Amino acid sequence: MLEHARLKYRCEDFEGASTVRTATAHPSPLPRSNAGPGLLAHVLVSKYGDGLPLARQERIFTRHGAVLSRKTLCDWVLAACELLGRLRAPLHQHILGAPVVFSDDTTLKLRTEEVRGRSVTARLWGYVSAGWQRNESDARVDYPKAVLYEFTEDRRGEHPQRFLARYRGYLQADDYAGYHGLFRSRRVYHAACWAHARRGFFDIARKDATPGLAQQALDWIRQIYRVEREIRGRPPDERQRERQQRTRPLLDRFRQWLTGIERDLLPRGPMAIAVRYVLRTGARCCVSPASECSRPTPTSSSVACARSRWVGRPGFLRDRSAGARRPQRP
């Protein structure tokens, strides 16, 4: 427990009049509150990062001898999110300045006003900055990573198009049609996502009694991932060189193998759909050699960020009457 001592002093002016002065208290980030920045950060991370609802946090604090009502915790969360909302504009600008942006979305439940107890499927979008840039010495350095979430009531393509309206660079994402308007603008270049490319094969291989074509496709992709593990953490120039020397020939052979088996598959079967997805987007999984998008890994950062939301998704039921369209999550 931290104790803040506020000293009191007796002060006299030049006329001999005296008064008592008390040292200024350590300010709280919130007005008329005794919650320090560390406590507020703990509550926010517990709720949004670790998926702990405020009711559960209330019981945890009580076990440790700190009586904090759920209403108090709720007031802190609302006020802290409003305070952190000031960071949204500069964070958005930082992401728009990145050479590469990872994007993905996940579902959340939204309570409706029309029917009591009924909910609709809303979306939480994650945008992550990535890529590399040149520093003052003209050397390549990684662009500082940051993530920004946006909550919307639906999955219409206008949402990512509005968020990335001023963006110029590479967008690494799945083949969702809502992104296509950005790609047609010629300002944004599509770098396809290997996490979605392998998902069709993974779903098939999980159901197969014996290893088949889907498992062979996963083995090809596993070789690509192996290269990424070996070069992780190396300078951007070295990563690019390794990808061009090792990954690009591997991708070429993988596409040749997919083209060879496609003709023997049922046109509407799951394996054919998975193969066509890779053939349609595979060329965009390894694009311009001058960009960090040449990385064949999936939108790992955005997927990982979305996964952290899945942990607490049952506690994220939102109310449309509370202004659900406005991004309120820091």
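This report describes the fold, the nonpolar cores, the residue Phe 201 and the helix α3 of a predicted model.

## Overall composition

The chain contains eleven helices and ten strands. Its length is 330 residues, and 42% of these count as buried. The chain exposes about 18,900 Å², of which carbon and sulfur atoms supply 53%.

Contacts that bridge distant parts of the sequence are counted among pairs at least 6 residues apart. Of those contacts, 58% join residues at least 24 apart.

## Nonpolar cores

The largest nonpolar core has 24 residues. Within this core, the residues that touch the most other members are Trp 194, Phe 201, Phe 254, Leu 258 and Met 271. Two or more residues come from each of α7 (194-207), α8 (213-231), α9 (236-262) and α10 (270-281). A separate core of 18 residues lies apart from this one, and its members include Leu 96, Ala 98, Leu 148 and Leu 171.

Leu 258, one of the residues named for the largest core, is in contact with Phe 201, Val 275, Val 278 and Leu 279 when neighbours within four places in sequence are left aside.

## Phe 201

Phe 201 is placed in helix α7. The relative accessible area of Phe 201 is 0%, so this residue is buried. Leaving out residues up to four places away in sequence, Phe 201 touches Ala 214, Ala 217, Leu 218, Ile 221, Leu 258, Met 271, Ala 274, Val 275 and Val 278.

One of these partners, Ala 274, is 73 residues from Phe 201 along the chain, yet the C-alpha atoms of the two are separated by 6.3 Å. The contact with Leu 258 appears in the lists of both residues.

## Helix α3

Helix α3 spans residues 70-84, which is 15 residues. From its first C-alpha to its last, α3 reaches 21 Å, close to the 21 Å expected at 1.5 Å a residue.

The buried residues of α3 are Leu 73, Trp 76, Val 77, Ala 80 and Cys 81. Because these residues cover an arc of only 125° around the axis, they lie on the same side of α3. An α-helix has 3.6 residues a turn, so residues three or four places apart point the same way. The cover over the buried residues of α3 includes α1 (37-49) and α2 (54-63).

Terms used: Residues numbered from 1 in each chain as written. Predicted model: local features only at pLDDT ≥ 70, side-chain atom pairs only at ≥ 80, totals over all residues. Heavy atoms only, no water. Core = buried A, V, L, I, M, F, W, Y, C linked by side-chain atoms within 4.5 Å. Buried < 20%, exposed > 50% of the residue type's maximum accessible area, 1.4 Å probe, protein only. Helix = DSSP H or I, 4+ residues; strand = E, 2+ residues; numbered from the N terminus. Contact = heavy atoms within 4.5 Å. Areas by Shrake-Rupley, 256 points an atom, 1.4 Å probe, with all protein chains shown as cover. Expected span 1.5 Å × (residues − 1). Arc of directions from axis to C-beta.
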